[in-house]
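Me: I should like to go through the reasoning behind several structural labels. Please set each value against its criterion.

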Amino acid sequence: MRIFQIILFLFFISLDLSLKAQELNCRVIVDANRIQLSDKTIFDDMQQAIWEFMNNNVWTNDIYTTEERIKCNLFITITEMPVLNRFKATVQITSSRPIYGTSYESLLFNFVDKDWDFEYAQSQPLQFAEQTFNSNLTSLLGFYAYCIIGLDYDSYSRLGGTAFYQKAQTVMQNAQQASNAPGWQPFEGNLTRYWLIENLMNQAFQKFREGVYVYHRQGFDKLAKEPEDARKQIVESLKLYVETRKRAPISVLYNNYFNGKTPEIVNVFQEGAPLQKQEVHKIMTEIDPTQVEEYDKILKG
């Protein structure tokens, strides 16, 4: 009887752990082709360590199944190795979310950070705590994990990602105080991670975040079954983006977001009604004037 109870206890423990699967399904690539080094095993080790860090840490208190994990990518290009075990890199961070009722995945987060400056020694354990600065590398990884999760939550519920942006902001503040590494300060340009989280937390961009929810949950998730209503909702989301841009004309959010959205907006509204096509074309050329030729395809579709 005692053995049966132990087995039953272990079963429920394992079941609980399986339900609390980690939130991220993160692909990690470390490209060190620019670095002249005879033994490059440190980069394989680094890639594996970062993969384990992103995928094995538990970032929320919510329950995820394996299928619900957020698909994301870290493309890390090592640009310099000034001294042994210190690296500079440019990193592209992307994430996507599935669209209900389809096999399509919509690009949600697409950000390029040119200011990764960190130390890493082979077989170094990557330790992270939200309230404590341990290293610049783990702060960078934790910061973007929270941003990815926050934007994903924003796409499923109105302003749902706030708690995770607050966590990312805490990571940033700790790094500001404990590190001289670039990218954490407001005076280093307007395309840095500082301004990314500042804008996401700023009330001036609340309509932008509401637009993310309307666009995905009320728009694209209904597109397969209710295409006409879904297109109307997507148009309403685009109007929220316009409203945000009028209040805050410059933001790191705009280009990074719409670079991934342009093809799907064009594709969806090529099949829209003529007046709707004209309305979307006008909105998008105002929001994203660098892609006018792409949006012209809406009218030609």
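Me: How many aromatic pairs does a search of the whole structure find?
Reply: The search finds 24 aromatic pairs in this predicted model, where rings of Phe, Tyr and Trp (its six-membered ring) pair if their centres lie within 6.5 Å. Because the model is predicted, local features need pLDDT of at least 70 and side-chain atom pairs count only at pLDDT 80 or more, whereas totals for chains, interfaces and linings use all residues. Residues are numbered from 1 along each chain as its sequence is written, and side-chain values use heavy atoms, with hydrogens and water left out.

Me: Why is the pair of Trp116 and Tyr144 called stacked?
Reply: The centres of Trp116 and Tyr144 are 6.3 Å apart and the planes differ by 15°. Planes under 30 degrees apart count as stacked, those over 60 as edge-to-face and the rest as tilted, so the angle of 15° gives the label stacked. Trp116 belongs to strand 4 and Tyr144 to helix 3, 28 residues apart; helices (H or I, at least four residues) and strands (E, at least two) are DSSP runs, numbered from the N terminus. Both Trp116 and Tyr144 are buried, that is, under 20% relative accessible area, with exposed meaning over 50% and partly exposed in between (1.4 Å probe, protein chains only).

Me: What makes the pair of Phe208 and Tyr241 tilted?
Reply: Here the centres are 5.2 Å apart and the planes stand at 45°, so the angle falls between the limits for stacked and edge-to-face. Phe208 is in helix 6 (residues 206-219) and Tyr241 in helix 7 (residues 227-247), so the pair ties together parts 33 residues apart in sequence. Phe208 and Tyr241 are both buried.

Me: Which residues do ring pairs link into a cluster?
Reply: The cluster consists of Phe43, Phe87, Phe109, Phe111, Trp116, Phe118, Phe143, Tyr144 and Trp184.

Me: How do you know that Arg193 lies over the face of Trp184?
Reply: A charge sits over a ring if NZ of Lys or CZ of Arg is within 6 Å of the ring centre and within 35 degrees of the ring normal. Arg193 is at 4.5 Å from the ring centre of Trp184, and Arg97 likewise lies over the face of Tyr156, at 4.0 Å.

Me: Why do strand 1 and strand 4 stand at the edges of the sheet?
Reply: The open sheet has 4 strands in the order 1-2-3-4, with mixed pairing. Strand 1 (24-31) and strand 4 each have a single partner strand, so one side of each is left without a neighbour in the sheet.

Me: What makes strand 3 and strand 4 a pair?
Reply: Two strands pair if DSSP finds at least two bridges between them; strand 3 (residues 86-98) and strand 4 are joined by 12 bridges and run antiparallel. Ile93 has Phe111 as its bridge partner in strand 4, and Lys88 stands opposite Asp117. Strand 2 (residues 70-80) and strand 3 are also antiparallel, over 9 bridges, with Glu80 partnered by Lys88.

Me: Why is Ser123 called exposed and Leu159 partly exposed?
Reply: Ser123 has a relative accessible area of 59%, over the 50% limit, so it is exposed. Leu159, at 23%, falls between 20% and 50% and is therefore partly exposed. Ser123 has a positive phi near 65°, and Leu159 has a positive phi of about 60°. Most residues other than glycine have a negative phi.
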